[in-house]
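Open the structure in your viewer and keep the selection tool at hand. This tour goes stop by stop: what to select, then what to look for.

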Amino acid sequence: MKQRRCINIGLMGLGVVGGGVARILPQKASSMASQIGFPLVIKRVLVRDLKKPRAVSVPSDLLTTDAKDILDDPDIDVVIEVIGGESPAHDYILAALNKGKHVVTANKEVMAKHGPELLAVAKEKGVDVLYEASVGGGIPIIAPFKHDLTANKITAIHAIINGTTNYILTKMAKENLDFGAALEEAKALGYAEADPTNDIEGYDAAYKLAILATLAFGQTVRPADIHCEGITRLAARDFRYARELGYTIKLVAIAKEVEGTIEARVHPAFLPEGLLLAKVDGVFNAIYVEGDLVGKVLFYGQGAGALPTSSAIVADVIEVASDITAGVGNRWRSKQSAGMPIRPMSSVETRYYLRMIVDDRAGVLAQIASSLGRNSISIASCIQKEANASAKTAEIVIMTHLAREAGMQKALGELRELSTVKEIGNFVRVEGMG
Ligand code: NAP
Ligand code: HSE
């Protein structure tokens with residue numbers, strides 16, 4: 001048998017995160033070698049474009065555009081996948097596992113859509129897929145769910161897990177920017193990608209929530225199980241009214257057990273200003289977890305960026321490398337629950353903020369109250385905001401008590417039919433996190 005001298009790594013991707021990993025591994029080489037027992041060596045690096053200028057210097061003979069140079073190399077023990085996207089990343093991860101290589105990935109889309117199947121292949125092959133960096137960047141959250149919180153029955157997760165949207169919403173709240181201006185600023189600072197769809201439509205947060213909910217509840221929760229709305233319909237005036245009413249607006253990712261079902265949703269929400277999550281600003285992320293033993297715990301930190309994300313990836317690499325040294329692999333066993341049904345969005349109960357332009361004349365409020373009442377929605381407060389004297393219209397803001405989504409959607413349909421309702425400006429759910 002060949003004597004091992006090092007642990008060889010195939011790095012797939014040399015962008016923001018891959019570049020960070022390629023910088024950190026040599027910097028921390030000696031401390032990691034003494035921790036693991038062998039040095040870690042980057043043997044090949046997969047990129048798309050060999051000629052692209054790189055922020056990190058990597059010997060050119062390590063670079064390749066052919067994934068087979070990593071997947072078919074029997075000397076490569078660990079594959080770090082940081083190319084992103086579903087394809088070909090999923091195929092590469094699967095191929096690496098089938099060849100008996102450990103995989104460390106930051107890919108939330110692949111882990112959300114295919115995680116359970118990939119973990120099953122890894123178990124069969126006696127290797128690991130570790131994915132700490134896929135949720136919350138540098139915030140430790142996957143490992144706490146797998147280890148430290150495992151004695152708990154997790155009852156709820158309330159999270160802000162997309163830095164780009166949190167940056168945009170913070171700018172809209174604090175500087176009265178409209179959505180377009182805040183998005184342009186996020187792009188200019190490199191927080192939002194050229195195509196920001198995944199972030200602003202909530203898909204990125206839904207992938208991350210699917211990963212967390214699967215771990216928390218011990219059963220597969222897919223992105224398709226998660227009701228998902230983005231932040232594009234929020235207007236500067238929603239932030240102004242939220243502030244006046246004592247709230248701030250965040251893109252929340254919520255997964256909780258309700259009456260033997262799993263409720264999982266991503267959407268903008270009014271949060272009371274006093275809540276800890278309401279104070280999470282800029283590109284920071286926070287995940288609030290409730291367990292039957294631990295009570296409430298909050299994980300907070302940098303959810304993206306080269307160094308925070310590399311922190312999570314390199315820790316995973318150290319874990320698999322230590323297992324290789326110790327001659328063990330795939331020791332973690334996931335929780336398995338009996339399987340709770342996914343709660344349909346129509347059954348979800350929250351409070352609502354509703355902003356409308358209506359005719360400014362007698363009887364209009366009564367019509368609106370009657371439509372809401374017919375759908376079992378009780379009004380908590382109603383404020384008449386700006387009036388437009390020439391159009392004889394006024395803007396009203398209604399806050400409701402707890403109501404069922406099905407009733408709210410039916411009421412919205414009825415309100416849109418009223419000739420006295422000129423425009424439904426917005427409706428946003430209100431979360432107390434109770
Ligand atoms: P990125 O900057 O776009 O880098 C992607 C890298 O992968 C580039 O080096 C690119 O090569 C390479 N690549 C892409 N497609 C390829 C293909 N088909 N074949 C070969 N190489 C390919 O992306 P990133 O921001 O580092 O993100 C990587 C992963 O980490 C994603 O899954 C992302 O969701 C996740 N993540 C990112 C962050 C963050 O802060 N950025 C945080 C947490 C998780 P070229 O350089 O030649 O184009
Ligand atoms: N696009 C993600 C965000 C990067 O804005 O949070 C980290 O996953």
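At what angle do helix α1 and helix α12 pack, and how far apart are their axes? Select residues 16-27 for α1 and residues 306-326 for α12. The angle is about 65°, and the axes are 8 Å apart. That makes α1 roughly perpendicular to α12. The crossing of α1 past α12 is right-handed. Keep in mind that you are viewing a predicted model.

Now show the side of α1 that makes the contact: Val16, Val17, Gly20, Val21, Arg23, Ile24 and Leu25. On α12, show Ala306, Leu307, Thr309, Ser310, Ile313 and Val314. Colour this contact of α1 with α12 by class, and you get 9 nonpolar, 3 polar and 1 charged residues.

**Next stop: ligand 1**

Select ligand 1 and the 22 residues around it. Which of them come nearest? They are Leu14, Asp49, Arg54, Lys108 and Gly305. Then look at the backbone. A polar backbone atom of Gly15 is 3.1 Å from an oxygen atom of ligand 1. Step on to Val16, which you have already met in the contact of α1 with α12. A backbone N or O atom of Val16 lies 3.0 Å from an oxygen atom of ligand 1. For Asp49, a backbone N or O atom lies 2.8 Å from an oxygen atom of the ligand.

**Next stop: ligand 2**

Stay on Lys108, listed among the nearest residues to ligand 1. Lys108 is also one of the residues around ligand 2. Select the others there: Asn162, Gly163, Thr164, Asp199, Asp204, Lys208, Gly303 and Ala304. How far is a polar side-chain atom of Lys108 from an oxygen atom of ligand 2? The distance is 2.5 Å. Move to Asn162: an N or O atom in its side chain is 3.4 Å from an oxygen atom of ligand 2. At Gly163 the backbone takes part, with an N or O atom 2.7 Å from an oxygen atom of the ligand.

**Last stop: a second helix pair**

Select residues 364-374 for helix α13 and residues 405-417 for helix α14. Their axes come within 9 Å and cross at roughly 150°. The two helices are therefore roughly antiparallel to each other. Here α13 passes α14 in a right-handed crossing. Show Ile368, Ser371, Leu372 and Arg374 in α13. They meet Ala411, Glu414 and Leu415 in α14. By class, the contact of α13 with α14 has 4 nonpolar, 1 polar and 2 charged residues.

Methods. Residues numbered from 1 in each chain as written. Chains lettered and ligands numbered in written order. Predicted model: local features only at pLDDT ≥ 70, side-chain atom pairs only at ≥ 80, totals over all residues. Heavy atoms only, no water. Axes fitted to C-alpha atoms, helices over the stretch in contact; angles between N-to-C directions. Helix = DSSP H or I, 4+ residues; strand = E, 2+ residues; numbered from the N terminus. Parallel < 35°, antiparallel > 145°, perpendicular 65-115°, else oblique. Left-handed = near helix turned anticlockwise from the far one by under 90°. Contact = heavy atoms within 4.5 Å. Nonpolar A, V, L, I, M, F, W, Y, C, P; charged D, E, K, R; others polar. Near = heavy atom within 4 Å. Polar contact = N/O pair within 3.5 Å; in protein donor to acceptor, adjacent residues only side chain to side chain.
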